[in-house]
Amino acid sequence: MENSLRFIPKMDDFLEDVEIMRFKAQLSSKVTANILRVEIENLRALIKNGEVAVADKASAFEHVKARAVNRIENKISDRLKRVINATGIIIHTNLGRAPLYDKTAVKTSEIVAGYNNLEYSVVDGKRRNRMVYVEDLLKDITGAEAAVVVNNNAAAIYLALNSLCKDKEVIVSRGELVEIGDSFRISEIIEESGCIVREVGTTNKTKSSDYEKSINSNTAALLKVHRSNFKIIGFTGEVTPPELVEIKSQACSGSLAVIEDMGSGVLADFSKYGFKSERTVQDAVNDGIDVITFSGDKLLGGPQAGIIVGKKEYIDRMKKNQMYRCLRVDKICLIALENTLWQYLSDDFLNIPVINAILESKIQIEIKAHMLNKMLEGISDIKTHVAPHNAMIGGGALPGEVLDSYAVFVAHQNKSAAELEIYLRNQEIPIISTIQNDEIILDMRTVNEGDFDYIKKVFTQLY
Ligand SMILES: *Cc1c(COP(=O)(O)O)cnc(C)c1O
């Protein structure tokens, strides 16, 4: 061991090494030095533990260098980047939820690359509140009296409750106390916002009378939460949002608000386009809901944001809350959201990727699948075929909503599907696929034709 320790290289030994130095333009010498230091220490520990013996200085040097180069390469390539989503899950929580419409992305990057009129009116040359642009659009689209936007829907719920119900009771059905992912729970958000959770009903059934019985002088709100990521089937019953408005109007308690967390926030009537009808934000406004919250990056198809629309008196209280300043959105988000909302003023919203993916017909997807399949045919060692597959809306949008789709199934002669999946995932533009029966599945509902050439290239380079 003592022998081996003598051979451990020093930092300076690497400073002239061409293989290490070739990363100079991408990685600062400080970061490179840190990586080398860690690998030098790792070698020291390995030798001390008797796990590695090195015969000479050169092999110790090579040992450290190989590991350092590997780490540097990983660091340089494992960055935030675009991926190809071949899972068929349209709103994929791990893959950035809603992709932005390319038109919106281009426009947003143009605006943020320079100065902009975020808080300035070019009409009268005075300061202007940054929220007016999107607030006007949200009023136009939904018919609500007022609107405000914060970081995400969780923040929206928090701001609404903290502004309207602090130290008071919020009544919510036991069947709607959902966990939304990453151990984020509605009940805990209500508590964090300074409100008292008043659970009513049971997991599978809640009746109007459950709410009515629980209303007292300390009740501030009736909260309806969309059960985004699960479905209750069988012996069930829930109180609808219009029924909550009715309960409110019958209650003696004066300042009761009906709050609806819609989760996804559908702005377009899908039934017009051959998809089943979904409750829209406009429906909630028409039902007389006081405060409605939803995400910007689920079915709306915009950037991450929490949108609150509703009655002006309530929204005004939220805007005056000191917490609003902490939760407000940044300019990049506001610009992307403003652009996305503009698309809803015309049929252009149909080109928003999530909307387009949901409304794309089965036959169109089948054609796409055969097109890719044809392109992959003849690549050595792989066997492909087209078959029906179930795509999903996903992302806590519409629970259990399965969409008919088609996929290209790929098997390799001497690689397992698991190996193939890793290979696809480790490309410059990673291709994220799923596995079934030792085949790779590329669901065509979430893949664009524009990516077919690249996918073909990746399979061609497979060795
Ligand atoms: C997704 C979701 C949330 C959380 O929204 P974020 O934008 O992720 O903060 C809250 N409530 C419901 C019902 C949801 O579906």
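How many Å² does the protein expose, and what percentage of that do carbon and sulfur atoms supply? About 23000 Å² is exposed, with 49% of it from carbon and sulfur atoms; the areas were calculated by the Shrake-Rupley method with a 1.4 Å probe, and for residues only the protein chains shown count as cover.

Before you start clicking, some ground rules. What you have open is a predicted model, where local features need pLDDT of at least 70 and side-chain atom pairs count only at pLDDT 80 or more, while totals for chains, interfaces and linings use all residues. Residues are numbered from 1 along each chain as its sequence is written, and side-chain values use heavy atoms, leaving out hydrogens and water.

**Whole chain**

Start with everything in cartoon. You'll see 18 helices and 15 strands, which are DSSP runs numbered from the N terminus (helices are H or I with at least four residues, strands are E with at least two). Along the principal axes, the C-alpha atoms fill a box of roughly 90 × 55 × 50 Å. Of the 463 residues, 48% are buried; here buried is under 20% relative accessible area, exposed is over 50%, and partly exposed is in between (1.4 Å probe, protein chains only). Among contacts with a separation of 6 or more, 74% link residues 24 or more positions apart, a contact being heavy atoms within 4.5 Å.

**The seven-stranded sheet**

Next, select the open sheet whose strands run in the order E4-E10-E9-E8-E7-E5-E6, with mixed pairing. Two strands pair if DSSP finds at least two bridges between them. E4 (146-150) and E6 (196-200) stand at the edges with a single partner strand each, so one side of each has no neighbour in the sheet. From one strand to the next, the twist averages 25°.

Zoom in on E4. Five of its five residues are buried. Show the side chains: Ala-146, Val-148 and Val-150 point one way, and Ala-147 and Val-149 the other. In a regular strand, side chains alternate between the two faces of the sheet. Now add E10 (residues 306-310), which pairs with E4 in the antiparallel sense over five bridges. Look for Gly-310 in E10, standing opposite Ala-146.

Move along to E7 (residues 219-225) and E8 (residues 257-263), which run parallel and are joined by five bridges. Val-225 has Asp-261 as its bridge partner in E8. Then bring up helix H10 (residues 241-250), which packs on the sheet and touches E7 and E8. The direction of H10 makes about 170° with that of E7; axes are lines fitted to C-alpha atoms, for helices over the stretch in contact, and angles run from 0 to 180 degrees between N-to-C directions.

**Two Asp residues with positive phi**

Select Asp-381, in the loop between helix H16 (362-376) and strand E11 (382-392). Its phi is positive, about 75°, although it is not a glycine. Asp-381 is partly exposed, at 36% relative accessibility.

Then jump to Asp-438, in the loop between E14 (434-436) and E15 (439-443). Phi of Asp-438 is also positive, near 55°. Its relative accessibility is 49%, so it counts as partly exposed.

**Last stop: Glu-419**

Finish in helix H17 (residues 417-425), where you'll find Glu-419. With a relative accessible area of 42%, Glu-419 is partly exposed. Draw a distance from its C-alpha atom to that of Ile-440: the two are 21 residues apart along the chain and 9.8 Å apart in space.
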